[in-house]
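The following exercises practise the reading of a protein model. Attempt each task before studying its solution.

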Amino acid sequence: MKTYLFTITALSPLFAATAAGAESSHKNQPTADDKRPNVILIYADDLGYGDLSCYGAQGVRTPNVDRLASEGIRFTDTHAVAATSTPSRYSLLTGEYAWRRPGTDVAAGNAGMIITPYQYTLADVFQHAGYTTAAFGKWHLGLGEQSGTQDWNAPLSATPADLGFDHHYIMAATADRVPCVFIEDGRVANYDPSAPIEVSYRQNFPGEPTGRDNPELLYNLRPSHGHDQSIVNGISRIGYMKGGGQALWKDENIADSITTHAVDFIRAHRDEPFFIYFATNDVHVPRFPHPRFRGQSAMGLRGDAIVQFDWSVGQIMKTLDELGLADNTLVILSSDNGPVVDDGYEDQAEELLGQHRPTGPFRGNKYSAYEGGTAVPAIVRWPARVRPGQESGALMSQIDWMASLAALVDARLPKGSAPDSHNRLGNLLGEDPTDRPWVIEQSSDHVLSVRTPRWKYIEPNDGPKMITWGPKIETGNDPVPQLYDMEADVAEQENLAAKHPDTVFELETILRKVRARQLNP
Ligand code: NG6
Ligand code: CA
């Protein structure tokens, strides 16, 4: 793992500054021979496998992401751990399958912090290795000690600062859930004392309008299902909130706010190694990009939100270039789950799709046990180490990124931490083309699937075949076991379980043993 230290010839600015004795507040100072890269994890929301032009998108162009891919590796068989946000993010940041831990499903905006401060996180890895660490954008992993008890007018009692992030500027949950304010280093950013904040997921506050009762106030977006509670910025949300005043976000400015904060952070920390978790709000609902992105795609608001995402990526890249940091910065770009078209607002995403296939060749969507639930784009660029122009079909899961990145910075994980994460750094850096022998996928109904390079097995279950709350999405549920040959039938059309009982048994066995913690890849 250490050999790469000798393969880098260019003296990075990071190294030069550190060698010159740059100040850092960290005890664990990088040493003079330290050429460890900065790491930026760009984590999109609901961005599908087919949503980027370098993955075949129609109707939208993503030149910045395409450049990132052409200067590094474009992966074609990478999986988020789950088909929704909270469990995927939990798994990514802890290296533990979310399905092992209750309370990791899609979180309300007033959920208590889901990762406990005593768990060792991806941010802890970097912090203890001497990096300065930060989280920007969508959090969706709870804040404060206990659900529903937060006082949003005071410092919060449990925040990403307790999980290894030196700095955070985040949305508590998602843009479609209250509270609609940013949290910066444990308190509401731009707090407005004249408008104290109250939040409830049980009942409305007397006299406050809702999307259900006051549709005439929805001047920006109307819901197609759900999302009919408190109104902020002319858009109704999930949950009730009161107050906020100046601190309330405007949806059209969210990408700008998050990106600006990340860019400022990079500038301020250019002379020390940093780790950034850059979790965009794009392209989650409500999709309401800034006016300058409107009409930039042929697909209306959803396509324009992809353009806005691409812009954010470009801003980060431009900053790295300007500061001379691009060469020794490892950028990883991916998504938290598969795509969804109508996810609860009348944004015409469905009507304007045209030839565009958000899931690429895959069946199902966000929420599904089919591949469309967890198959995501993944791109890695690190000019100092990773050869440009690569494509990798290695079977990968985001569950392994914690152990892999720990290996990158030579960190030892405390016993018991990241129990499901395995070091596959070679995959990430394009030096090891071998597949993970199997990957576990979690649907929103907690149905688990096993992928091997060739096969896909979905365990039987008696849940509904379609999502019940509105969108036309297949869950992948079936009372009989499903087996698909991913080499011959990437769209999971023909269930071969009856034809290949031995393979079904083999994959069921993998699942049973992983559940019982008796099997490692
Ligand atoms: C669903 C929401 C959907 C989205 C999802 C979570 C409704 C009708 N649908 O319950 O809009 O917020 O939860 O998405 O409320 S995720 O990407 O954060 O997991
Ligand atoms: Ca998501």
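**Exercise 1. The two domains**

How much area do domain 1 and domain 2 bury between them, and what percentage of it is on carbon and sulfur atoms?

*Solution.*
Step 1. The structure is a predicted model. Its chain is assigned to domain 1, made of residues 8-195 + 243-428, and domain 2, made of residues 439-515.
Step 2. The centres of these domains, taken over C-alpha atoms, are separated by 28 Å. Domain 1 contributes 30 residues to the contact and domain 2 contributes 32 residues.
Step 3. Between them, domain 1 and domain 2 bury about 2500 Å², with 54% of this area on carbon and sulfur atoms.
Step 4. Four salt bridges are counted between domain 1 and domain 2.

**Exercise 2. Strand S11**

Explain why strand S11 is described as largely enclosed by the rest of the structure, and identify the strands S1 and S3 as its partners.

*Solution.*
Step 1. A residue counts as buried under 20% relative accessible area. Strand S11 covers residues 274-279, and six of its six residues are buried, so the strand is largely enclosed by the rest of the structure.
Step 2. Phe 274, Ile 276 and Phe 278 point one way from S11, whereas Phe 275, Tyr 277 and Ala 279 point the other way. Residues on both sides are buried.
Step 3. Strands of a sheet pair through backbone hydrogen bonds, in a parallel or an antiparallel manner.
Step 4. Strand S1 (residues 38-44) runs parallel to S11 and is joined to it by five bridges. In this pairing, Ile 42 has Phe 278 of S11 as its bridge partner.
Step 5. Strand S3 (residues 132-138) also pairs with S11 in the parallel sense, over six bridges. Here Thr 132 stands opposite Phe 274.

**Exercise 3. A sheet of four strands**

In what order do the four strands of the open antiparallel sheet lie, and which helix packs on the sheet?

*Solution.*
Step 1. The order is S16-S17-S18-S19, with antiparallel pairing.
Step 2. Strand S16 (439-442) and strand S19 (482-485) are the edge strands, since each pairs on one side only.
Step 3. On average, neighbouring strands of this sheet are turned by 20 degrees against each other, direction ignored.
Step 4. Four bridges connect S18 (residues 455-458) to S19 in the antiparallel sense, and Tyr 457 has Leu 483 of S19 as its bridge partner.
Step 5. Helix H9 (residues 501-515) packs on the sheet and touches S16, S17, S18 and S19. The direction of H9 makes about 65 degrees with that of S18.

**Exercise 4. Salt bridges**

Are the partners buried or partly exposed in the salt bridge of Arg 67 with Glu 71, and in that of Lys 456 with Glu 492?

*Solution.*
Step 1. Side chains of opposite charge can pair when their charged atoms come close. The structure holds 31 salt bridges.
Step 2. In the bridge between Arg 67 and Glu 71, the closest N and O atoms are 3.0 Å apart. Arg 67 has a relative accessible area of 30% and is therefore partly exposed; Glu 71, at 25%, is partly exposed as well.
Step 3. In the bridge between Lys 456 and Glu 492, the closest N and O atoms are 2.9 Å apart. Lys 456 lies in strand S18 and Glu 492 in the loop between S19 and H9, 36 residues apart. Both Lys 456 and Glu 492 are buried.
Step 4. Through shared partners, salt bridges join Asp 77, Glu 371, Glu 441, Arg 451, Lys 456 and Glu 492 into one network.

Methods:
Residues numbered from 1 in each chain as written. Chains lettered and ligands numbered in written order. Predicted model: local features only at pLDDT ≥ 70, side-chain atom pairs only at ≥ 80, totals over all residues. Heavy atoms only, no water. Buried < 20%, exposed > 50% of the residue type's maximum accessible area, 1.4 Å probe, protein only. Helix = DSSP H or I, 4+ residues; strand = E, 2+ residues; numbered from the N terminus. Pairing = 2+ DSSP bridges. Axes fitted to C-alpha atoms, helices over the stretch in contact; angles between N-to-C directions. Contact = heavy atoms within 4.5 Å. Domains from an automatic or database assignment. Buried area = accessible area lost by both parts, 1.4 Å probe. Salt bridge = Lys/Arg side-chain N within 4 Å of Asp/Glu carboxyl O.
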